[in-house]
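Hi everyone, thanks for making time. I'd like to walk you through a structure that is probably new to most of you, so have a look at the screen.

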Amino acid sequence: MADPMKIRAQMKGDTADIRVLMSHAMETGQRKDNAGNTVPAHYIQSITIDVGGKRVIQGQTGTSVSRNPVFGFRVKGAKAGDKVVIHWEDNKGDKRTDETTVAG
Amino acid sequence: MDALRRTLLKGAGATGAIAAAMAAGVLTPSRVLAADYNRAAFEAKDMAGALKNIGAAGAADNSGIVIKAPDIAENGAVVPVDVASNIANTVSLAVLVDKNPLPLSSAFDFANGALPEMSLRLKMGQTSLVEVVAKTADGKYYRAKKEVKVTVGGCGG
């Protein structure tokens with residue numbers, strides 16, 4: 001099981017600023033280890049973000065995203081106290097869901 | 001080794017199924033983006049292939065797409081990039097790194113108040129154009145690009 005995400009959600013005016021850090025190796029499948037063996041690809045493929053029960057962000061990612069990816073999004077019309085649920089799944093079927101609430 | 005082979009086999013099968021479904025007109029490219037992993041686009045080895053597979057082959061240049069990225073990145077493993085679209089009714093953004101072995105980094109759909117902008121951190125193997133493709137609600141695609149010089153590559157370690 002992967003480490004928990006670090007999520008920060010903060011209102012700025014009428015817009016919620018959401019930043020998330022996901023702990024993930026994001027192996028490209030191109031890298032070789034010290035013994036010269038190719039390290040198999042292992043990377044997050046899909047991400048969803050729900051705010052206040054509504055799907056606001058839905059996306060897919062590939063190997064050109066950095067290790068331990070950080071994403072930032074802004075959601076207009078969100079309110080302090082809204083629940084933020086973030087979910088990812090990787091190419092090996094590992095998945096993780098974490099949540100927080102929007103701070104005022 | 002065997003596990004890797006299995007993944008590859010599964011991957012090939014899934015790509016075939018999606019391609020067949022698209023050919024049959026069952027799935028439009030945007031439906032594919034929303035549901036199954038768009039393996040064809042993410043595993044495309046050049047920009048043309050990636051753009052074609054996200055449906056953006058004929059995207060027109062548009063200065064309404066704003067890309068904030070460093071002119072020179074000292075560490076290609078972590079290149080912070082902010083992208084935003086000022087084009088009305090933008091519903092999706094995709095970020096690509098022209099010279100990476102697999103250029104497409106991410107594609108996100110925005111809904112229910114999410115603003116068409118995002119920040120992320122890219123891996124860049126070498127100096128390259130970073131390209132952003134925006135899709136509007138009426139299914140049109142637009143693109144913009146910015147060059148980022150990389151002094152130490154982020155791929156291959």
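**Where chain A meets chain B**

Okay, let's start with a pair of residues: A:Thr61 stands opposite B:Ser106, which sits in strand 6 of chain B. Before I go on, keep in mind that this is a predicted model.

That pair belongs to a meeting of strands from the two chains. Strand 4 of chain A, residues 54–61, is joined to strand 6 of chain B by five bridges, and the two strands run antiparallel.

Now step back to the whole contact. How many residues does each chain bring to it? Chain B puts in 35 residues, and chain A puts in 30 residues. On the chain B side, the elements giving two or more residues are helix 2 (29–34), strand 6 (104–110) and strand 7 (117–122). Which of them gives the most? That's strand 6 of chain B, with seven residues. As for the kinds of residue on that side of chain B, we have 22 nonpolar, nine polar and four charged.

So much for the contact; here's chain B by itself. Chain B contains four helices and nine strands. If you read along the sequence, the order is α-α-α-α-β-β-β-β-β-β-β-β-β, with the helices ahead of the strands. Chain B has 157 residues, and 41% of them count as buried.

One last number on chain B. Take the contacts between residues at least 6 apart in sequence: 65% of those join residues at least 24 apart.

That's the tour, thanks for listening.

Methods
Residues numbered from 1 in each chain as written. Chains lettered and ligands numbered in written order. Predicted model: local features only at pLDDT ≥ 70, side-chain atom pairs only at ≥ 80, totals over all residues. Contact = placed C-beta atoms within 7 Å. Nonpolar A, V, L, I, M, F, W, Y, C, P; charged D, E, K, R; others polar. Pairing = 2+ DSSP bridges. Buried ≥ 20, exposed ≤ 12 C-beta atoms within 10 Å, placed from the backbone.
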